[in-house]
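Me: I've just opened this one and don't know my way around yet. Can you walk me through it?
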Amino acid sequence: MTRYVAIGDSFTEGLGGTLPDGSERGWADLVAAGIAAGEGKPIEYANLAIRGRLLEPIVTEQLDAALSLSPPPTLLSLNGGGNDMMRPGNDMARLVEMTEQAVRRCLDAGVRVLLLSGADPSGHLPMGSRMRPKGEALTNAVSAFVGKYDLTFVDMFHDKEIQKPQYWSGDRLHLNTNGHRRVAGVVLNALGYPTEAHVVAPDPAGTKSLAAEVRYYREHVLPWINRRLRGRSSGDNRSGKYVDWTPITA
């Protein structure tokens, strides 16, 4: 039986893929259901990802918990580093080193690794041009692991389709339902479960009104700055949404 565990930050938690009841159904959740459909039988699934997490707690606390699950996982997905890149003074070489150490721990434990680079939000964000080179550097560095280790790598950072505004939430940082569907389709194909990757209908380009921009800064940018100044995170006092094995059917 496949036992799939996902670790990471808001990207993997599924923030933005919001259901009517307020819960989040992200790409990892969709991948779990897709695997179950592809195998024609239920699988076990855990999602330990927490919004706002830096890479270090992902590859220590979350990875420790993932590898301690009983029975152990057969597949683990890893993405992280996006929150680190939004903070000044981060050490890119250290991010690469921590990612490689996490990959090696999983492979040494006999767990298949699905490594992802997150989708690129920089084209929609204030000061996004400063973030993009960091994302580019991290993506290129971890992509080199493909020739070094037996793993599956999915590069969403260079996926041009998902960079369209229709795939992003109102905060312009997190994917919306369309975005999570797009990632899930690409991931399932990479894992060997043929799936048509989601594509949105063409949308005429429009200019953003001044009122819309003011509202965006008030509702999203200023609260984020305020949390940074207070040393707070959106993931404070939160835990993963599926911290133990949960049966998933197609």
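Me: Okay, which strands does helix α5 lie across?
Reply: Helix α5, residues 92–108, lies across β3 and β4. Its direction is at about 160 degrees to β4. Keep in mind that this is a predicted model.

Me: And what does helix α3 lie across?
Reply: Helix α3 (residues 55–67) lies across β1 and β3, and it runs at about 160 degrees to β1.

Me: In what order do the strands of the sheet come?
Reply: The order is β5-β4-β3-β1-β2-β6, so to speak, reading across an open sheet of 6 strands with mixed pairing. The edge strands are β5 (152–155) and β6 (242–248), each of which pairs on one side only. On average, neighbouring strands in this sheet are turned by 20 degrees against each other, direction ignored.

Me: How do β3 and β4 pair, and over how many bridges?
Reply: They pair in the parallel sense, over 4 bridges, with β3 covering residues 75–78.

Me: Which residue in β4 does Ser-77 stand opposite?
Reply: That would be Leu-114.

Me: New topic. Which residues of the largest nonpolar core touch the most other members?
Reply: Tyr-4, Trp-27, Val-31, Val-183 and Val-187, out of 30 residues in that core. At least two residues of this core come from each of β1 (3–7), α2 (27–39), β2 (43–47), β4 (112–117) and α7 (177–191). The largest share is from α2, with 7 residues.

Me: What is Val-31 in contact with, leaving aside its neighbours within four places in sequence?
Reply: Val-31 is in contact with Tyr-4, Ala-184, Val-187, Leu-188 and Leu-191.

Me: What about a second core, how many residues does that have?
Reply: The second core is separate and has 29 residues, including Ile-58, Val-59, Ala-102 and Leu-151. As a general matter, nonpolar side chains in soluble globular proteins tend to be buried together.

Me: Switching to rings: how many aromatic pairs are there?
Reply: The count comes to 4 aromatic pairs. One of them is Phe-145 with Tyr-149, an edge-to-face pair at 6.1 Å centre to centre, with 80 degrees between the planes.

Me: Is Phe-145 buried or exposed?
Reply: Phe-145 is buried, because its relative accessible area is 4% and the cut-off for buried is under 20%.

Me: And Tyr-149, buried or exposed?
Reply: Tyr-149 also falls under that 20% limit, so at 17% relative accessibility it counts as buried.

Me: Last one: which residues form an aromatic cluster with Tyr-4?
Reply: Tyr-45 and Tyr-242 form one aromatic cluster with Tyr-4. Tyr-4 also came up earlier, as one of the contacts of Val-31.

Conventions
Residues are numbered from 1 along each chain as its sequence is written. This is a predicted model: local features need pLDDT of at least 70, side-chain atom pairs count only at pLDDT 80 or more; totals for chains, interfaces and linings use all residues. Side-chain values use heavy atoms; hydrogens and water are left out. A nonpolar core is a set of buried Ala, Val, Leu, Ile, Met, Phe, Trp, Tyr and Cys residues joined through side-chain atoms within 4.5 Å. Buried means under 20% relative accessible area, exposed over 50%, partly exposed in between (1.4 Å probe, protein chains only). Contact means heavy atoms within 4.5 Å. Two strands pair if DSSP finds at least two bridges between them. Axes are lines fitted to C-alpha atoms, for helices over the stretch in contact, and angles run from 0 to 180 degrees between N-to-C directions. Rings of Phe, Tyr and Trp (its six-membered ring) pair if their centres lie within 6.5 Å; planes under 30 degrees apart count as stacked, over 60 as edge-to-face and the rest as tilted.
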